[in-house]
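Here are some short exercises to work through with the structure beside you. Try each task before you read its solution.

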Amino acid sequence: MVCEMKTRDGSFTRAVLYRIMLAASFVLFAIPPIFAQSASNTALGNTDANPDPVFVFNRICYAQVPDVRAIRSMSLELAWRSMAKEELAQFKTVDDPKVLDGWDVQVGERLFKVAVQQSGLTASQKKAFPDFGAGTATTCSIVLDDQQLASVFMPNMQTLAGKEPVSKDVPEGLLQVTTWAGGNDAIKVFLVAKAPATGKGGLLNVTVLQK
């Protein structure tokens, strides 16, 4: 999947991305308590002009899901521009999601694409977590422009998760994928960070499964 985003000077960057879904072969290790849903500006090296993408991801996605209404309210309050339908369709991982919204978002001098989906579980998710088969999957993703360096945002995702990943730098096409997992008997939480071989740009994602 390829997304284009227009920069402040009118040029275009291209980030190679793939659909956001858990592979059927994903193995979940021992699940600790759900991740702490907070991360300070200082811990993530955030500034107003050059916001750390993990801080933005935490505020927009991680601290909100599965509350889709909170993300929608934020989009209205901050006047985010709705993503074009054909572009938004690239984020769809099930045929008929209950919710599929996306926006072009500028924070400071950085550009982001934000997409949120809420639906029933995919076939692979049901297979991995049969007790959640009748539940809901909520996904929120942020696509980063190529001014975001993986050498910076990858360690900050580690700070946000507060634990070691269950898999690290797994090849997925042209991307390297790192995944963290947490949860309990009622909810499962997955954090995913994807970065291209260039080390510039990528994607941050959180998926929450509920019974």
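**Exercise 1.** Decide whether Ala79 is buried or exposed, and describe its backbone.

*Solution.* Keep in mind that the model is predicted.
- Step 1: The relative accessibility of Ala79 is 63%.
- Step 2: The cut-off for exposed is over 50%, so Ala79 counts as exposed.
- Step 3: Now find Ala79 in the chain: it sits in the loop between helix 3 and strand 3 (81-82).
- Step 4: Turn to the backbone: Ala79 is not a glycine, yet its phi is positive, at about 55 degrees.

**Exercise 2.** Classify Asp169 by its accessibility, and say which strand holds it.

*Solution.*
- Step 1: Asp169 belongs to strand 7, which covers residues 167-172.
- Step 2: Its relative accessibility is 39%. Buried means under 20% and exposed means over 50%, so Asp169 counts as partly exposed.
- Step 3: Check phi as well: for Asp169 the angle is positive, about 55 degrees, although this residue is not a glycine.

**Exercise 3.** Look at the peptide bond from Val65 to Pro66: is it cis or trans?

*Solution.*
- Step 1: Locate Pro66 in the loop that runs between helix 2 (53-62) and helix 3 (68-77).
- Step 2: Read omega for the bond from Val65 to Pro66: the angle is near 10 degrees, and the bond is cis.

**Exercise 4.** Describe the whole chain in numbers.

*Solution.*
- Step 1: Count the elements: there are 6 helices and 10 strands.
- Step 2: Take the 211 residues of the chain; 50% of them count as buried.
- Step 3: Finish with the surface: about 10,200 Å² is accessible, and carbon and sulfur atoms hold 52% of that area.

Methods:
Residues are numbered from 1 along each chain as its sequence is written. This is a predicted model: local features need pLDDT of at least 70, side-chain atom pairs count only at pLDDT 80 or more; totals for chains, interfaces and linings use all residues. Side-chain values use heavy atoms; hydrogens and water are left out. Helices (H or I, at least four residues) and strands (E, at least two) are DSSP runs, numbered from the N terminus. Buried means under 20% relative accessible area, exposed over 50%, partly exposed in between (1.4 Å probe, protein chains only). Accessible areas come from the Shrake-Rupley method with a 1.4 Å probe; for residues, only the protein chains shown count as cover.
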